[in-house]
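Work through the exercises below with the model open beside you, trying each task before reading its solution.

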Amino acid sequence: MIVRNLKNLEGTDRQVSADTWTSRRLLLRGDNMGFSLHDTLIFAGTSTTMHYRNHLEAVYCIEGQGKLINLETGEEHTVEPGTVYALDQHDRHTLVAETQLRMICVFNPPLVGPESHDGDGAYPLLESEPAGS
Ligand code: 9YT
């Protein structure tokens, strides 16, 4: 059994940050669950465009208020506590955080650990864990 607490991940290599978000990676590929599980904060007043070409992602909002724009169709959706979205078509999308959003994210295949967005808002498919993790 694996037991962890968010408070012990902050400031470790399981926390990865970018300009508009910080991701606390509770479960990673090395935990052998077949998915990774993240508790992610999206900063208030930001807009993030993403395109997870290599991964499927489900995102469940537990705090905050925002908007999700499906860039494939132009559709807009309200994001608030209780909203879940699943990028089952690797959909290109923009997440607008009107207030800080707290999102629980699940990735398949699981992230290895240090991935951050490339210029297209994708994560690379990493082959191996970084040294020392
Ligand atoms: C909601 C979202 O996709 N935010 C970007 C960060 C990413 N989900 C992560 O690595 O936790």
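**Exercise 1: the ligand and its shell**

Task: Establish how many residues surround the ligand, and which are the closest.

Solution: In this predicted model, the ligand is surrounded by 15 residues, and the closest of them are Ser23, Arg25, Thr40, Glu57 and Tyr123. Sorted by class, this shell has nine nonpolar, four polar and two charged residues.

**Exercise 2: polar contacts and cover**

Task: Find the distances from an oxygen atom of the ligand to an N or O atom in the side chains of Ser23, Arg25 and Thr40, and apply the cut-off for a polar contact.

Solution: Begin with Ser23, where the distance is 2.8 Å; continue with Arg25, where it is 2.7 Å; and end with Thr40, where it is 2.6 Å. A polar contact requires N or O atoms within 3.5 Å, and the distances for Ser23, Arg25 and Thr40 meet that cut-off. As for cover, the ligand has 310 Å² of accessible area on its own, and the protein covers 100% of it.

**Exercise 3: the cavity**

Task: Identify the space that the ligand takes, and describe its lining.

Solution: The ligand takes the space of the largest cavity, and strand 2 (21–27), strand 3 (36–42) and strand 10 (101–108) are the elements that each give two or more residues to the shell around the ligand. The count is one cavity of 30 Å³ or more, and the volume of the largest cavity is about 110 Å³. Its lining consists of 16 residues, with Thr40, Met50, Tyr52, Glu57 and Cys105 nearest the centre. At least two lining residues come from each of strand 2, strand 3, strand 5 (56–63) and strand 10, and by class the lining has eleven nonpolar, four polar and one charged residues.

Definitions and conventions. Residues are numbered from 1 along each chain as its sequence is written. This is a predicted model: local features need pLDDT of at least 70, side-chain atom pairs count only at pLDDT 80 or more; totals for chains, interfaces and linings use all residues. Side-chain values use heavy atoms; hydrogens and water are left out. A residue is near a molecule or strand if one of its heavy atoms lies within 4 Å of it. A polar contact is a pair of N or O atoms within 3.5 Å; within protein, one must be able to donate a hydrogen and the other to accept it, and residues adjacent in sequence count only if both atoms are side-chain atoms. Accessible areas come from the Shrake-Rupley method with a 1.4 Å probe; for residues, only the protein chains shown count as cover. On a 1 Å grid over the protein atoms alone, a cavity is a set of points where a 1.4 Å probe fits but cannot get out, and a pocket is an open set with protein on both sides within 12 Å along at least five of seven lines; lining residues have an atom within 4 Å of a point. A molecule sits in a cavity or pocket if more than half of its atoms lie within 2 Å of its grid points. Helices (H or I, at least four residues) and strands (E, at least two) are DSSP runs, numbered from the N terminus. Ala, Val, Leu, Ile, Met, Phe, Trp, Tyr, Cys and Pro count as nonpolar, Asp, Glu, Lys and Arg as charged, and the others, Gly among them, as polar. Grid points are joined across faces, edges and corners, and a volume is the space filled by probe spheres set on the points.
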